[in-house]
Amino acid sequence: MMTIFLMHFAGVWAQDSTNNFDALYREDQFYFGLTYNSFTDAPEDFNQTGFSPGLKVGFIRDFPINIQRNIAIGVGLGYAFNTYSGNLKISPTSSEAYVYEIASSTAFKKNRFSHQSIEIPIEFRWRTSTAESYKFWRVYAGFKASYIFASSYIYQTQELSTRLKNIDLNDWQFGLTLSLGYNNWNGFLYYGLNPIFDNAKINQNAFDARSFKIGLMFYFL
């Protein structure tokens with residue numbers, strides 16, 4: 001009799017536990033972000049000369065790793081467009097190489113480069129969500145690899161305009177990411193781990209500037 005009672009109690013407890021947690025519940029599978037782009041490790045005489053926006057959109061597959069499903073690993077794929085405005089001038093040479101120099105901010109009307117990339121974000125996700133709650137706190141920390149598949153540069157003065165395609169950027173960009181916030185509004189940080197340019201030099205000194213981004217990230221189911 002005792003054995004039957006224990007088996008019945010265990011079955012009821014297991015059923016209640018299953019009802020408390022949705023075994024199919026996942027969170028935040030689509031993302032959209034806006035950033036302000038800047039540099040770290042840039043030379044002292046380098047200055048940003050205008051607003052440098054970035055945009056990203058993509059899909060992240062959520063893989064919960066605990067029973068409550070509020071701790072997860074996210075792996076995704078996305079698209080990003082980033083622009084940088086500054087006083088770094090890029091000039092082509094006859095040998096299909098580039099010359100880099102710091103230009104006076106008063107010498108040009110427009111001086112910026114941009115690139116498009118495929119993103120592969122990987123996140124460790126913690127949140128206060130449940131299957132019934134759509135408003136919760138989240139902290140997502142991770143790593144992101146980006147492959148640049150297209151880039152362009154424009155330098156414009158009163159007298160001339162120079163446009164370049166596929167400038168000498170590192171094809172692969174790697175960085176650390178952090179998203180944290182409540183509900184739909186989340187702050188976002190990105191810190192680049194490798195230089196954005198491939199072997200760029202100014203007066204024989206390496207231009208090893210790395211990307212740093214701050215902005216907003218929005219997650220959706």
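The following dialogue goes through selected features of a predicted model.

Trainee: Which secondary structure elements make up the chain, and in what order do they run from the N terminus?

Mentor: The chain has one helix and 13 strands. From the N terminus on, the order is α-β-β-β-β-β-β-β-β-β-β-β-β-β.

Trainee: What percentage of the residues in the chain is buried, and what share of the accessible surface belongs to carbon and sulfur atoms?

Mentor: Of the 221 residues in the chain, 42% are buried. The accessible surface is about 12,500 Å², and carbon and sulfur atoms hold 61% of that area. As for contacts, take those between residues at least 6 apart in sequence: 69% of them join residues at least 24 apart.

Trainee: How is a pair of aromatic rings described?

Mentor: Two quantities serve: the distance of the centres and the angle of the planes. In this structure, a search of the whole model gives 19 aromatic pairs. One of them joins F39 and F113, with 6.3 Å centre to centre and 25° between the planes, and is stacked. An angle under 30 degrees is what counts as stacked, so 25° qualifies.

Trainee: Which parts of the chain does the pair of F39 and F113 tie together?

Mentor: F39 belongs to strand β1 (residues 30-40) and F113 to strand β6 (residues 110-127), so the pair links parts that are 74 residues apart in sequence. F39 is buried, at 15% relative accessibility, and F113 is also buried, at 6%. Both residues belong to a cluster linked by ring pairs, which includes F46, Y84, Y100, F197 and F207 as well.

Trainee: Where do nonpolar side chains tend to be found in soluble globular proteins?

Mentor: They tend to be buried together. Here the largest nonpolar core has 21 residues, and F113, I167, F197 and F207 have the most contacts inside it. Two elements, β4 (88-92) and β7 (137-156), give two or more residues to this core. The largest share, three residues, comes from β7. Another core, of eight residues, lies apart from it; among its members are I60, F136, F188 and M217.

Trainee: Which residues is F207 in contact with, leaving aside its neighbours within four places in sequence?

Mentor: F207 is in contact with P43, F46, L88, F197, A200, K201 and I202.

Trainee: Which charged residues lie over rings?

Mentor: Two cases can be given. R125 lies over the face of Y140, 4.5 Å from the ring centre. The charged end of K213 sits over the ring of Y190, at 4.9 Å from its centre.

Trainee: Where does N170 lie, and is N170 buried or exposed?

Mentor: N170 is in the loop between β8 (161-165) and β9 (172-182). With 17% relative accessibility, N170 counts as buried. The N170 side chain reaches the backbone oxygen of F197 at 3.1 Å. Beyond neighbours within four places in sequence, the contacts of N170 are I148, N194, P195, I196, F197 and D198.

Trainee: Which sign of phi do most residues other than glycine have?

Mentor: For most of them phi is negative. In this model, R69 has a positive phi of about 60° although it is not a glycine, and N203 has a positive phi of about 55°. R69 lies in the loop between β2 (53-64) and β3 (71-85), and N203 in the loop between β11 (201-202) and β12 (205-206). R69 is buried, with a relative accessible area of 14%, whereas N203 is exposed, with 68%.

Conventions
Residues are numbered from 1 along each chain as its sequence is written. This is a predicted model: local features need pLDDT of at least 70, side-chain atom pairs count only at pLDDT 80 or more; totals for chains, interfaces and linings use all residues. Side-chain values use heavy atoms; hydrogens and water are left out. Rings of Phe, Tyr and Trp (its six-membered ring) pair if their centres lie within 6.5 Å; planes under 30 degrees apart count as stacked, over 60 as edge-to-face and the rest as tilted. Helices (H or I, at least four residues) and strands (E, at least two) are DSSP runs, numbered from the N terminus. Buried means under 20% relative accessible area, exposed over 50%, partly exposed in between (1.4 Å probe, protein chains only). A charge sits over a ring if NZ of Lys or CZ of Arg is within 6 Å of the ring centre and within 35 degrees of the ring normal. A polar contact is a pair of N or O atoms within 3.5 Å; within protein, one must be able to donate a hydrogen and the other to accept it, and residues adjacent in sequence count only if both atoms are side-chain atoms. Contact means heavy atoms within 4.5 Å. A nonpolar core is a set of buried Ala, Val, Leu, Ile, Met, Phe, Trp, Tyr and Cys residues joined through side-chain atoms within 4.5 Å. Accessible areas come from the Shrake-Rupley method with a 1.4 Å probe; for residues, only the protein chains shown count as cover.
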